[in-house]
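Please open the structure in a viewer and keep the selection tool at hand. The stops below say what to select and what is to be found there.

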Amino acid sequence: MTDKEFRQLKRSELIDIIYEYQKQEKKMLSEIRRLRSRLQARELKIEKAGSIAEATVGLAGVFEAAQTAADEYLAQIEAMNRETGKRCEQMLQEARAQADEILIRARAQAAGYLDEEKYKYPLDEDDYEEPEEAGEDFEYIDC
């Protein structure tokens, strides 16, 4: 409307127009508030997405460091297992060598006893015969 048309309107008509404009203004203000809150929510989501991305990058570094530490630990354990296995094998060989040495000495000593007649039974076969006369004071019991 032009200024001339406004001037020709009655006071009640002008009040109605003002009232309609105020209603539209309230609607517009509420729409602005709603859109601003949606905008803030989106900005917050974008901020969080950036924070999540940064956290993901940081966590990736932490996981890489943890994996490296775990790999080093496993390598150390494998090295210790190999070393322990070598020591066990060496001890086993030494024990076998000692056992062989003991067997050789025992066989030689046994052969020496048999060859030199150093080894005797504690009793001869004659010691197992029954006595001819036991005597009066002695009563012989056959078991």
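Select arginine 87 first: this residue is partly exposed, with a relative accessible area of 47%, where buried means under 20%, exposed over 50% and partly exposed in between (1.4 Å probe, protein chains only). The model is predicted, local features need pLDDT of at least 70, side-chain atom pairs count only at pLDDT 80 or more, and totals for chains, interfaces and linings use all residues. Residues are numbered from 1 along each chain as its sequence is written, and side-chain values use heavy atoms, with hydrogens and water left out.

Add glutamate 83, whose side chain meets that of arginine 87 in a salt bridge (3.8 Å, N to O); the term requires a side-chain nitrogen of Lys or Arg within 4 Å of a carboxyl oxygen of Asp or Glu. Glutamate 83 is partly exposed as well, at 45%. Both residues lie in helix α2, four residues apart, about one turn of the helix. Helices (H or I, at least four residues) and strands (E, at least two) are DSSP runs, numbered from the N terminus.

Next, select glutamate 101 and arginine 105, a salt bridge with its closest N and O atoms 3.7 Å apart. Arginine 105 counts as exposed at 52% relative accessibility, whereas glutamate 101 is partly exposed at 47%.

Then move to lysine 23 and glutamate 20, whose closest N and O atoms are 3.8 Å apart in another salt bridge. These two residues are three apart in helix α2.

Finally, show the whole chain: how many helices does it contain? There are two helices and zero strands, and buried residues make up 0% of the 143 residues.
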